[in-house]
Amino acid sequence: MANTYFTEDHEWLRIEGGVATVGITDYAQEQLGDLVFVELPEIGRKLAKGDTAVVVESVKAASDVYAPVDGEITEANTSLSSDPSLVNSAATGDGWLWKMKLSNASQLDSLMDEAAYKAHIG
Amino acid sequence: MIGEDTKHLPLEDLHNASGARFGAFAGWSMPLTYPAGVMKEHLHTREHAGLFDISHMKLFEVSGPGTAALLNRACPFDAGALEISQSKYTFFLNEAAGIIDDLIVTRLGDDRFMVVANAGNAVEDEKHLHALAADFDANVEPLDRVFLAIQGPDAWAALARAGIETGSLLFMHGVEPRQNWFMSRSGYTGEDGFEIGLPEADARDLVAKLLQDERVQWIGLAARDSLRLEAGLCLHGQDLTPEIDPASAGLMWAIPKEVRASGHFIGADALRSILERGPSQKRVGLKPDGRQPVRAGAALVDADGNPAGHVTSGGFGPSTGHPVAMGYVDTALAKPATRLFADVRGTKIPVDVTSLPFTPHRYRKG
């Protein structure tokens with residue numbers, strides 16, 4: 001996955017033309033278990049790295065998903081409203097969470113590539 | 001976190017071999033889920049049979065001529081009225097009628113009873129029983145057992161195939177089918193099922209036999225929680241605490257009328273005065289509108305924004321297909337269909353007061 005970055009919080013970002021598509025990794029969805037609800041962000045919301053962007057809810061618990069970089073929300077994956085289990089079945093594909101326009105592309109340099117992420121989760 | 005003081009289940013190796021994911025609960029490292037995941041585990045239990053390792057729970061055998069009197073002091077019930085093999089759901093109360101723990105007590109013999117207590121309160125329960133035993137001619141023995149629950153419509157058939165006949169045992173009855181075994185028809189899922197305390201070596205044999213049956217699979221603590229919540233059953237530490245009395249909790253059905261009127265149990269005076277003035281809050285079922293779960297700790301307000309109560313358990317009901325919760329609300333708001341609002345991260349989620357359980361009980365009573 002070229003142009004794909006990973007965070008220590010188990011998110012992935014795919015970069016196309018200054019816009020990042022963000023989701024959680026397969027490892028993360030496995031840890032969370034079956035998702036039953038995803039609280040999606042508002043379009044146009046500006047986020048700083050570390051802000052809570054989305055809340056994913058499993059049967060048992062609610063977990064925050066943080067903005068991995070600064071930027072502005074341009075799209076949310078509304079198909080998750082009717083089928084949150086897409087995050088479980090296709091975490092790195094149809095189960096993406098949101099898209100954001102990057103305001104500081106240099107922040108990507110501090111993120112991991114796939115090999116480094118695989119080493120991170122062991 | 002799983003720390004050094006964390007207790008480990010005797011069958012932990014079997015859970016590891018089955019791919020369990022562990023988490024801490026009441027001081028124990030417990031299997032939370034297996035590879036099937038909480039949703040499938042929950043539904044499997046309702047459709048077939050789920051096998052739960054509940055060895056974190058504690059069995060106490062109380063015996064001696066003063067046992068019934070001791071239990072009548074500790075619990076608001078009539079131990080002497082139990083027939084041999086009959087079980088009762090009851091509690092240890094404090095002087096303020098607060099619930100120290102909720103329990104199942106089974107009469108094993110004339111002067112012999114089994115008390116099954118929650119993991120989180122086991123140490124305190126043991127101290128409480130020992131302290132009381134000094135005033136009565138009774139002996140309290142904490143048992144070292146593996147404790148398994150098998151729950152669901154196929155539970156009895158799976159046990160039969162494993163060589164354990166349960167035919168004559170009805171819901172809320174318990175027997176000692178083999179040496180050092182205790183088996184009751186009971187559970188905490190709303191389904192028909194059994195709880196079996198037994199020595200570790202016997203447990204390993206039984207588990208191996210049961211898991212050969214395709215109707216049986218291991219079920220983790222996460223599904224145990226969603227099953228009991230759908231069944232409207234209380235979790236001590238959340239829905240019941242030493243600050244909550246049985247009247248507020250809607251558990252007065254567990255206290256016989258004569259005991260309410262003239263029992264000498266600890267907390268009797270406090271409970272009588274609560275009953276006289278009526279509890280100020282009541283435990284209710286709560287059905288959130290939409291798909292977003294409303295969880296323990298969420299504040300409840302009425303239509304005008306006035307405080308109405310709080311949620312004590314909440315999550316998603318895999319069988320109901322919608323979020324389910326329970327909590328305490330002001331008595332005036334406890335009527336089913338009352339619309340309230342739960343504060344979830346600043347958003348007001350509409351919730352309707354509803355009768356419990358969410359999923360009908362399917363106990364085998366006769």
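Chain A of this predicted model has a secondary structure of 4 helices and 9 strands. Followed along the sequence, these elements run in the order β-β-β-α-β-β-β-β-β-α-α-β-α. The chain has a radius of gyration of 13 Å, close to the 14 Å that the globule rule gives for 122 residues, so chain A is as compact as a globular protein of that length. Its C-alpha trace covers about 35 × 35 × 20 Å along the principal axes. As for the interior, 41% of the 122 residues of chain A count as buried. Turning to the contacts of chain A with a separation of 6 or more, 62% of them come from residues 24 or more positions apart.

I now move to chain B, and to one helix in particular. Helix H2 of chain B comprises residues 38-47. How many of the residues of H2(B) are buried? The number is 7 of the 10, so this helix is largely enclosed by the rest of the structure. The buried positions are B:Val38, B:Met39, B:Glu41, B:His42, B:His44, B:Thr45 and B:Arg46. What covers these buried residues includes four strands of chain B, namely E3 (28-33), E4 (49-53), E10 (146-151) and E14 (216-218), together with helix H7.

The packing of H2 against H7 deserves a closer look. Two packed helices are described by the angle between their axes and by the distance between those axes. Here H7 of chain B spans residues 221-230, the angle is about 55°, and the axes are 9 Å apart. An oblique pair falls outside the ranges for parallel, perpendicular and antiparallel, and H2(B) and H7(B) are therefore oblique to each other. The crossing of H2(B) and H7(B) is right-handed. On the H2(B) side, the contact is made by B:Val38, B:Glu41, B:His42 and B:Thr45. From H7(B) come B:Ala222, B:Ala223, B:Ser226 and B:Leu227. By character, the residues of this contact are 4 nonpolar, 3 polar and 1 charged. The spacing on each helix can be read with a general rule in mind: an α-helix has 3.6 residues a turn, so residues three or four places apart point the same way.

My last point concerns a single residue, B:Gly187. It sits in the loop between strand E12 (182-184) and strand E13 (193-198) of chain B. Is B:Gly187 buried or exposed? With 28 other C-beta atoms within 10 Å, B:Gly187 is buried. Leaving aside residues up to four places away in sequence, B:Gly187 touches B:Ala149, B:Gln151, B:Gly193 and B:Glu195. By contrast, the C-alpha atoms of B:Gly187 and B:Lys7 are separated by 23 Å, with their positions 180 residues apart along the chain.

Technical notes
Residues are numbered from 1 along each chain as its sequence is written. Chains are lettered from A and ligands numbered from 1 in the order in which they are written. This is a predicted model: local features need pLDDT of at least 70, side-chain atom pairs count only at pLDDT 80 or more; totals for chains, interfaces and linings use all residues. Axes are lines fitted to C-alpha atoms, for helices over the stretch in contact, and angles run from 0 to 180 degrees between N-to-C directions. Helices (H or I, at least four residues) and strands (E, at least two) are DSSP runs, numbered from the N terminus. Angles under 35 degrees count as roughly parallel, over 145 as roughly antiparallel, 65 to 115 as roughly perpendicular and the rest as oblique. A crossing is left-handed if the near helix is turned anticlockwise from the far one by less than a right angle, and right-handed if clockwise. Two residues are in contact if their C-beta atoms, placed from the backbone, lie within 7 Å. Ala, Val, Leu, Ile, Met, Phe, Trp, Tyr, Cys and Pro count as nonpolar, Asp, Glu, Lys and Arg as charged, and the others, Gly among them, as polar. The radius of gyration is taken over C-alpha atoms; the globule rule is 2.2 Å times the number of residues to the power 0.38. A residue is buried if 20 or more other C-beta atoms lie within 10 Å of its own, exposed if 12 or fewer, and partly exposed in between; C-beta atoms are placed from the backbone.
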